[in-house]
Amino acid sequence: SSGSTQSTGDCELVKRETFAPILYVLSHNSFEEAVAINNEVAQGLSSSIFTKNPEYIFRWVGPEGADSGIANVNIPTNGAEIGGAFGGEKETGGGRESGSDAWKQYCRRNTCTINYS
């Protein structure tokens, strides 16, 4: 059985990470409002935007866009690029696995200065 209901981005059910096959479709009046709705949740593993507008694409993946570890454009939030860094932000953060930065979580970097005088 399937069903639908109307809700807003501030609904607690919408903000909860349910790990269930639920699709939330929320209306918005501007790109900025859509980004704000996306970023208001406590989790931040993966986010997607569907658009053909190049300005929105680059704003979405830029520093003022999606507050998530994986920012997708025109693809769903499930899965990840196999070579990309995999990890989230906020409550779903905790580092990155895979990708070019994977080694950093296993190392401690520091600066060492030795004076031989």
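Hi everyone, let's start at one residue, Phe50, which lies in the loop between β2 and α3. Before I go further, please keep in mind that this is a predicted model.

So, is Phe50 buried or exposed? With a relative accessibility of 60%, Phe50 counts as exposed, because the cut-off for that class is over 50%. Who does Phe50 touch, once we set aside its neighbours within four places in sequence? Its contacts are Asn74, Ile75 and Pro76. Take Asn74 in particular: its C-alpha atom is 4.5 Å from that of Phe50, although the two residues are 24 apart along the chain.

Let's stay with Asn74 for a moment. You will find Asn74 in the loop between β3, residues 70-73, and β4, residues 89-90. Most residues other than glycine have a negative phi. Asn74 is not a glycine, yet its phi is positive, at about 60°. As for the surface, Asn74 has a relative accessible area of 38%, so it is partly exposed.

Asn74 also brings us to Thr51. Like Phe50, Thr51 sits in the loop between β2 and α3. Thr51 has 13% relative accessibility, and it counts as buried because that is under 20%. What does the side chain of Thr51 have close by? One of its polar atoms lies 3.0 Å from the backbone nitrogen of Asn53. Leaving out residues within four places in sequence, Thr51 is in contact with Tyr56, Ile57 and Asn74. So this loop has an exposed Phe50 at 60% and a buried Thr51 at 13%, and each of them contacts Asn74.

Now to Tyr56, one of those contacts of Thr51. How many aromatic pairs are there in this model? The count comes to 1. That pair is Phe31 with Tyr56, and it is stacked, with 4.6 Å from centre to centre and 5° between the planes. Where in the chain do the two rings come from? Phe31 belongs to helix α2 and Tyr56 to helix α3, 25 residues apart, and the pair links distant parts of the chain. The two partners fall into separate accessibility classes: Phe31 is buried, at 7%, while Tyr56 is partly exposed, at 28%.

Let me step back to the whole fold. The protein has 3 helices and 4 strands. Reading from the N terminus, the order of the elements is α-α-β-β-α-β-β. There are 117 residues, and 19% of them count as buried. If we take contacts between residues at least 6 apart in sequence, 44% join residues that are at least 24 apart.

Next, the pockets. How much space lies in the largest one? About 1400 Å³. It is lined by 42 residues, and the closest to its centre are Tyr24, Asn38, Ser46, Ser48 and Thr77. Several elements each supply at least two residues of that lining, namely α1 (12-15), α2 (31-39), β1 (43-44), β2 (46-49) and α3 (54-61). Which element gives the most? That is α2, with 5 residues. By residue type, the lining of the largest pocket divides into 21 nonpolar, 16 polar and 5 charged.

The second largest pocket holds about 350 Å³ of space. Its lining has 15 residues, and those closest to the centre are Thr5, Gln6, Ser7, Leu23 and Tyr24. Here the division is 8 nonpolar, 7 polar and no charged residues.

You may have noticed that Tyr24 came up in both lists: it is among the residues closest to the centre of the largest pocket and of the second largest pocket. Where is Tyr24 in the fold? It is placed in the loop between α1 and α2. Tyr24 is partly exposed, with a relative accessible area of 31%. Not counting residues up to four places away in sequence, Tyr24 touches Leu13, Val14 and Thr18. The C-alpha atoms of Tyr24 and Ser4 are separated by 9.5 Å, and these two residues are 20 apart along the chain.

To close, here are two places to look at in the viewer: the contact of Phe50 with Asn74, and the stacked pair of Phe31 and Tyr56. Thanks for listening!

Note on methods
Residues numbered from 1 in each chain as written. Predicted model: local features only at pLDDT ≥ 70, side-chain atom pairs only at ≥ 80, totals over all residues. Heavy atoms only, no water. 1 Å grid on protein atoms, 1.4 Å probe; cavity = no way out; pocket = protein on both sides within 12 Å on 5 of 7 lines; lining within 4 Å. Points joined across faces, edges and corners; volume = space filled by probe spheres on them. Nonpolar A, V, L, I, M, F, W, Y, C, P; charged D, E, K, R; others polar. Buried < 20%, exposed > 50% of the residue type's maximum accessible area, 1.4 Å probe, protein only. Polar contact = N/O pair within 3.5 Å; in protein donor to acceptor, adjacent residues only side chain to side chain. Contact = heavy atoms within 4.5 Å. Phe/Tyr/Trp six-rings, centres within 6.5 Å; stacked < 30°, edge-to-face > 60°.
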